[in-house]
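User: I'm new to this one and would like a close look at a single part. Could you walk me through it in plain words?
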Amino acid sequence: MAFFNFKYGSNLVRTILALPWHGVTGFYNPHMPIAYLKSSFQEVWQKENSWLSETSSHRFRESTDLTDWVVRYWQLQSGKFKAGSTKFGKYYLQDQTEQIVVDLEQSSHKVICINDTPMTKDGVIDQKVSEALEAKLSINLVFEK
């Protein structure tokens, strides 16, 4: 298929497959910062007070607990969001060392998310990534003195 662009192909396929259904068939969950409105937290808390109170009583997250994603979905369904560029940030797995280093050196994205993988759950970050982060973030800013 000459018109099929692999960079955007998965979104195209997902859109075509969703055509028979009306309304929301799902949400895309980026591993990027999410902007929230304080009023959205207040609305959700008002609607789901008992569930959120129960969630707040747990020291560690349980499988039945609500997360901040419920507020994100509330905002999306309420139309309280502003669409942003998908080029703002990039999601990497921790073992994608070379791509992470290049991104950091070239400042390709404003935000990157480095997620651990089952093989890297020990919390050790690759030395090359650590050095790239140190080089990028070693400058002390005026307010840090």
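In what order do the elements of the protein chain run from the N terminus on? After that, please zoom in on α5: which of its residues are buried, and what covers them?

Analyst: Sure. A quick word on the ground rules: this is a predicted model, where local features need pLDDT of at least 70, side-chain atom pairs count only at pLDDT 80 or more, and totals for chains, interfaces and linings use all residues. Residues are numbered from 1 along each chain as its sequence is written, and side-chain values use heavy atoms, with hydrogens and water left out.

Now the order: starting at the N terminus, the elements of the protein chain go α-α-α-α-β-α-β-α. That comes to six helices and two strands; both kinds are DSSP runs, helices being H or I with at least four residues and strands E with at least two, numbered from the N terminus. The protein chain has 145 residues, and 18% of them count as buried. Buried here means under 20% relative accessible area, exposed means over 50%, and partly exposed is in between, using a 1.4 Å probe and protein chains only.

On to α5, which spans residues 97-106. Its buried residues are Thr 97, Ile 100, Val 101, Asp 103 and Leu 104. They sit on the same side of α5, because they cover an arc of only 165 degrees around the axis; that arc is taken from the directions from the helix axis to the C-beta atoms. Here's the general idea: an α-helix has 3.6 residues a turn, so residues three or four places apart point the same way. Turned away from the buried side is a face with the exposed residues Glu 105 and Gln 106.

What lies over the buried residues? The cover includes β1 (89-93), β2 (111-115) and α6 (127-137). Thr 97 makes a nice example: Thr 97 has a relative accessible area of 11%, so it counts as buried. Setting aside neighbours within four places in sequence, Thr 97 is in contact (heavy atoms within 4.5 Å) with Asp 126, Lys 128 and Val 129.

For contrast, take another threonine, Thr 25, found in the loop between α1 (6-18) and α2. Thr 25 has a relative accessible area of 54%, so it is exposed.

Finally, look just past the helix: α5 is followed by Ser 107, which has a positive phi, near 50 degrees.
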